[in-house]
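Subject: Structure for your review

Dear colleague,

Please find below the structure that I am handing over to you. I should be grateful if you would read the notes beneath it alongside the coordinates.

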Amino acid sequence: MVHRSYGHLELAELPVPAVKDDEVLIRVKAAGVDPGAHYRMAGVPYLVRFMGFGVLRPNQPVAGGDVAGIVEKIGAKVTRLKVGDEVFGAAEGSYAEFVVAKEGLLARKPANVSWEQAAAVPTSAATALRAVKAVGPGKKALVVGAAGGVGTFLVQLHEGEVTAVCSGGKADLVRRLGAAHVVDYTEDDLGTGLYDVVYDVYGGRDINVLRRRLTPDGRLVLLGGKPKGKLIGIGRTLRAVLLNPFVRHEITMLFVFPTTAEFEELAERLANGTLVPALDRTFPLSETKEAIAHVMAGRARGKSVITL
């Protein structure tokens, strides 16, 4: 899926990418879809363009960021992986038959995990893992946006009682993943309880609304969400930074660039069955735009994945 200008994707033929010394070439089997794919494709909010993705046009000619596939070729300095290894991880340009990736951004795929499941993991699960480690175990938690990509991993990874906020139609999913309680936001918004930590994945509510669900020494963790406005889209994050020194609650903003160690820990959890990706739908490569639109519309129950 070639990305020559912001707002447009097209199916096209390109040469197989060359491999640098610290890279591997992967034959793609599946690639994950998350809101980040939309923002990079659209170039909106405009701040995205100034974060290394290209001001006037995309720097990366192929869309996609999460991958699962087979190592086809390795660079001269690659020591941890070999040709034929089944891997998953982060690779810019993964919506293609072949993609190159840094060896340090890949982990071996467990044998008991499908290609689709593995492709659902990298960015979303690493974000959830980083968040729960920042919070620590034993906390009573509210997960806002619990039925989406990051949310379904938070419900499983948080080491404490979880109340999930989602629409009523997705309540069965989050209960199956381990949520002790479910709040249907269409009927009761965030409910009435108080929590040690509130994870907000959705991003649609004011910070003070979220803080009302915290105990006096509670913690609010912001994990992205839908940017507002076309210019910078991070007004709520800036407000959180300004508020933090003046409120009793700790406010944490997470922007995650996953590491090898996190991918390897996730691989171990996948292998032993303590983490199970919640798959929503799979789409062929030719329907990448439809897959991204499906995720952005909030219709997904868990993760959507592109398959090849």
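The notes that follow go from the chain as a whole to its sheet, its cores, a helix pair and one loop residue.

Overall composition

Please bear in mind that this is a predicted model. The protein chain contains 10 helices and 13 strands. Of its 308 residues, 52% are buried. Among contacts with a sequence separation of 6 or more, 65% link residues that lie 24 or more positions apart.

The six-stranded sheet

An open sheet is built from six strands, in the order β8-β7-β6-β9-β10-β11, and the pairing is parallel. Strands β8 and β11 are the edges, each of them pairing on one side only. From one strand to the next, the twist averages 20 degrees.

Strand β10, which spans residues 214–222, deserves a closer look. Seven of the nine residues in β10 are buried, so that the strand is mostly covered. On one side, β10 pairs in the parallel sense with β9 (residues 195–200) over five bridges. Within that pairing, aspartate 200 has leucine 222 of β10 as its bridge partner. The parallel pairing of β10 with β11 (residues 250–253) comprises four bridges. Two of the residue pairs there can be named: leucine 220 is matched with isoleucine 251 of β11, and valine 221 is matched with threonine 252 of β11.

The nonpolar cores

In soluble globular proteins, nonpolar side chains tend to be buried together. In this model, the largest nonpolar core has 48 residues, and the members that touch the most others are Phe88, Leu154, Tyr199, Val221, Leu223 and Leu266. Helix α3 (residues 122–135) supplies the largest share of this core, namely seven residues. A second core, separate from this one, has 15 residues, including Leu142, Val144, Ile207 and Leu220. Val221, noted above as the bridge partner of threonine 252, is thus listed for the largest core, whereas Leu220, the bridge partner of isoleucine 251, belongs to the second core.

Packing of α3 against α9

How are α3 and α9 (residues 260–272) arranged, in terms of angle and axis distance? The two helices pack at an angle of about 95 degrees, and their axes are 10 Å apart. Because angles of 65 to 115 degrees count as roughly perpendicular, α3 is described as roughly perpendicular to α9. On the α3 side, the residues in contact are Pro122, Ala125, Ala126, Leu129, Arg130 and Lys133. These meet Glu262, Phe263, Glu265, Leu266 and Arg269 of α9. By class, the contact consists of six nonpolar and five charged residues, with no polar ones. Leu266 of α9 also appears among the residues listed above for the largest core.

Alanine 180

Alanine 180 is located in the loop between α5 (171–177) and β8 (181–184). Its relative accessibility is 44%, which means that alanine 180 counts as partly exposed. Leaving aside residues up to four places away in sequence, alanine 180 touches Glu161 and Val162. The C-alpha atoms of alanine 180 and valine 162 are 5.6 Å apart, although the two residues are separated by 18 residues in sequence.

Yours sincerely

Terms used:
Residues numbered from 1 in each chain as written. Predicted model: local features only at pLDDT ≥ 70, side-chain atom pairs only at ≥ 80, totals over all residues. Heavy atoms only, no water. Core = buried A, V, L, I, M, F, W, Y, C linked by side-chain atoms within 4.5 Å. Buried < 20%, exposed > 50% of the residue type's maximum accessible area, 1.4 Å probe, protein only. Pairing = 2+ DSSP bridges. Axes fitted to C-alpha atoms, helices over the stretch in contact; angles between N-to-C directions. Parallel < 35°, antiparallel > 145°, perpendicular 65-115°, else oblique. Contact = heavy atoms within 4.5 Å. Nonpolar A, V, L, I, M, F, W, Y, C, P; charged D, E, K, R; others polar.
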